[in-house]
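These are my notebook entries on a structure that I had not examined before. I set down what I looked up, entry by entry.

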Amino acid sequence: MHRNRLAVAVGAALATLVAGCSGASQEPAPAAQSSAPAGPVKLTYWSWVPNMDKIAAVWNEAHPDIQVTISKQAGGDDAAAKFLTAAKAGNPPDLVQAEYQMLPSFVAADALADIKNDMSQTKAEFSEGIWGLVTLGTDAVYAIPQDSGPMMLYYRQDLFKKYGIEVPKTWDEYAEAARTVRKKDPKVFLGTFSSKDPGAFVGLAQQAGAQWWSISGQSWKVGINDEPTKKVADYWGGLVKEGAIDGQPYFTPEWNKALNDGKLLTWPSAVWGPGVLSGNAPNGKGKWAIAPLPQWNAGESLSGFWGGSSTAIAEKSPNKAAATQFATWLNTDPQALGLLVKEGAVYPASTKGGGLLGEAPDYFSNQPDFWEQAAAISAGARGFTFGPNVNVTYNAFKDAFDKAVHDKSVFSDAVQTMQETTVADMQKSGFQLTQ
Amino acid sequence: MTRRRSGGARDAGAVPYLFLAPAMVLFTLFMAVPIVYTAYLSLRRTKVSGLGLGKNSRTEIFVGLDNYSAAITDGELWAGWLRVLGYGLLVLAVMLGLALLFALLLDSAHVRLARFSRIAVFLPYAVPGVAASLLWGFLYLPSLSPIRQVLDIDLLGTGAVTFSMANVAVWGGVGFNMLVLYTNLRAVPRTYYEAARIDGAGEIQIALRIKIPIMMPAIILTTVFSIIATIQVFTEPTTLRPLTNTISSTWSPLMKVYRDAFVTGDLYSAAATSIVIAAISLVLSFGFLRVVRNRAFGEG
């Protein structure tokens, strides 16, 4: 009886299946008849700029035939990993916000489209140095620059007065000021060295004149352990070791609290700093100010870049032309740049973007010439070519400097580890290298 | 009726397979195929030529067991295993010990507020691992932590960090294991205890001589599950990592897999390492079962 019941059930199931099949075959598929109407091109864009959806809405309003949908990302290394994984899986977004240092990795993974056609006009909108970051020094164009992150020194104006410190002009003065602060109040640090933020270290190394990667002919040269980088590393290593500078990472709740409570007096950071400070240290409103980074040699006015990003188009996107059109509008059109500044709190990479920055950020109401200062600092900022395995180098930075900060060991040894890890990874992959 | 009966007899060979089909299809799609694909990836590698920037400058090549030998000879992976071993012993002992203790206490005759206590012990299990790690992470940070105001220990320092992570795992895991053991205890006929009491046994003796031996299979089950979970420790160290400089990106073997696959973009090494990890988990779990089988189930 048991078996019988099973047979009935199976028979019924089969009958349904057969009926279903025959039913389907009687109705012609509706899609086959109508020819596809030329509906609007739909683009997806991964970005972590605040309010990017509002900016895209302005574009969508004016361009009914190209509709852009924003997918908000977390940003940072995770966003890069996510894009690489999506590209490898074959379903990346059409457009992606890409930090400059990640572009070579994306290009090496064949994830980005070369959009060099029709770029002659766009190119004129950007400075040589910034444009070089999206061409990687080749004939191709892999992205359109969006924002840049020239570095400057954020400092607590009120507490500098309280402790009787002058704004340091050189790194020697900065070190002296760090010692003074410790003497006046052992609970307070002038600054901290973060072993979690390779981007910040890159900016400081660039200021000193580092060249981590370079291309000569068909081969890469890796110089992470060059003299400028080792000098920067040992400078901070010395300060951490003698206890003049703290060793806690940036962007932790602990760090927020220290900033908020006035236990940390400076932050060498990029032009996007106001967004972080206003969110993480609301108590400091009107108390922070910016100055140029301390210099290695008195009288210089050099800086480096921490972060900054571009808009890139995925190689697998079926609508590259439309995507390029949107990316060009977003990063060069005065209306779009105005929105980026106002809604997205972005420091535009475009040369005409600087003129759009009028009033100082609310948080810096005590420094009305905030943007003029930033523009002056930005003029002296220098970058370098990034290599195809920045992610490996950055990860090596975190692990090596975590250990160095914790053990208070020699920081240039950590730089050496980064160099060796990076070279070993490139060799393993088969990149052509010169010594 | 007869016709149907004969039809049923004829098709009987296929019927079980038909009923198994959904499970088989799901198993194939979501278990077998990914495992085979991982094994396939683990035998390959990308090879770059020149600068690696132009089109087609990357090709995927077959490298045999290279990735495996690299994974096995990587000192960092074994250092990771050592760290996880220390962490695992700590978690297993404390978590299962507490789970057993709570289960026995809840089952004892004199318990008060049983419902409330059961839920209170179980509740942390309902908190997702990431949330729990963040929550504890904030409690470990010096200037935020109320613990630090009483206790002057760097809870995220080199020595303490393993204990701090184990604490998160124990906090989250005791409830589940307690519930498994407790449910098992509730199924024991109360007459056993009555008999024991008539023979003059106290609560402690009942627990040691009757309850624990009866629970043995459940204890072993929870131990095996906990061993597997500990080998795969990932959430706690990954979530705490941004807060401290004492946890490296390769602290546990699974973190190394994540780093290789998603940070440094080497899916092939990651595939090989995950297969090595799977093999070691198998050996450890089955090894444990083998050792305890005779004691627990060998009466028959």
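**Entry 1. Annotated spans in chain B.** I began with the UniProt record, an unreviewed entry, which marks residues 12-37, 84-107, 119-141, 161-182, 214-234 and 267-289 of chain B as "transmembrane region". I kept in mind that the model is predicted.

I then compared two of these spans with the coordinates. Residues 12-37 of chain B are 88% helix and 0% strand, and the C-alpha atoms at the two ends are 35 Å apart. For residues 161-182 of chain B, I noted 100% helix and 0% strand, with 31 Å between the end C-alpha atoms.

The same record, unreviewed, lists "domain: ABC transmembrane type-1" for residues 81-288 of chain B. I found this stretch to be 75% helix and 0% strand. Its end C-alpha atoms lie 17 Å apart.

**Entry 2. A helix of chain B and what follows.** I asked which residues of helix H12 (residues 253-263) of chain B are buried. I recorded Pro253(B), Met255(B), Lys256(B), Val257(B), Arg259(B), Asp260(B) and Ala261(B) as buried. Just after H12(B), Gly265(B) has a positive phi of about 70°.

**Entry 3. Positive phi outside glycine.** I next looked for unusual backbone angles, since most residues other than glycine have a negative phi.

Leu113(B) is not a glycine, yet its phi is positive, about 55°. I placed Leu113(B) in the loop that runs between helix H4 (75-107) and helix H5 (114-122) of chain B. Is Leu113(B) buried or exposed? With a relative accessible area of 63%, Leu113(B) is exposed.

In chain A, Phe251(A) also is not a glycine and has a positive phi, about 65°. Phe251(A) sits in the loop between helix H11 (227-242) and helix H12 (253-260) of chain A. I noted Phe251(A) as partly exposed, at a relative accessible area of 37%.

**Entry 4. A sheet of chain A.** I traced an open sheet of three strands in chain A, in the order S5-S6-S10 and with mixed pairing. Why does one side of strand S5 (213-216) and of strand S10 (433-434) of chain A lack a neighbour in the sheet? Both stand at the edges with a single partner strand each, so one side of each is left without a neighbour there.

I followed the pairing strand by strand. S5(A) and strand S6 (residues 219-222) of chain A run antiparallel and are joined by four bridges. Ser214(A) has Lys221(A) in S6(A) as its bridge partner, and Ser216(A) has Ser219(A), also in S6(A). The hairpin of S5(A) and S6(A) has two residues between the strands, and in this hairpin Gly217(A) takes a positive phi near 65°.

On the other pairing, S6(A) and S10(A) run in the parallel sense over two bridges. Here Trp220(A) has Leu433(A) in S10(A) as its bridge partner.

**Entry 5. Cavities.** How many cavities of 30 Å³ or more does a search of the whole structure find? I recorded three.

The largest cavity holds about 90 Å³ of space. I listed its lining as Tyr100(A), Gln101(A), Leu133(A), Gly199(A), Val202(A), Gln206(A), Phe305(A), Gly307(A), Gly383(A), Phe384(A), Phe386(A) and Tyr394(A). Helix H10 (198-208) and strand S9 (305-313) of chain A are the elements that give two or more residues to this lining. H10(A) gives the most, with three residues. By kind, I counted seven nonpolar residues, five polar and no charged in the lining of the largest cavity. I also noted that domain 1 (41-148 + 306-365) and domain 2 (150-305 + 383-434) of chain A each supply at least three residues to the lining of the largest cavity.

The second largest cavity has a volume of about 70 Å³. Among the residues that line it are Met151(A), Thr192(A), Asp197(A), Phe201(A), Trp236(A), Tyr250(A) and Pro268(A). The largest share of this lining again comes from H10(A), with three residues. The lining of the second largest cavity divides into eight nonpolar residues, two polar and one charged.

Note on methods:
Residues are numbered from 1 along each chain as its sequence is written. Chains are lettered from A and ligands numbered from 1 in the order in which they are written. This is a predicted model: local features need pLDDT of at least 70, side-chain atom pairs count only at pLDDT 80 or more; totals for chains, interfaces and linings use all residues. Side-chain values use heavy atoms; hydrogens and water are left out. UniProt positions are given in the numbering used here, feature names are shortened, and annotations may be inferred rather than shown by experiment. Buried means under 20% relative accessible area, exposed over 50%, partly exposed in between (1.4 Å probe, protein chains only). On a 1 Å grid over the protein atoms alone, a cavity is a set of points where a 1.4 Å probe fits but cannot get out, and a pocket is an open set with protein on both sides within 12 Å along at least five of seven lines; lining residues have an atom within 4 Å of a point. Grid points are joined across faces, edges and corners, and a volume is the space filled by probe spheres set on the points. Ala, Val, Leu, Ile, Met, Phe, Trp, Tyr, Cys and Pro count as nonpolar, Asp, Glu, Lys and Arg as charged, and the others, Gly among them, as polar. Domain bounds come from an automatic or database domain assignment. Two strands pair if DSSP finds at least two bridges between them.
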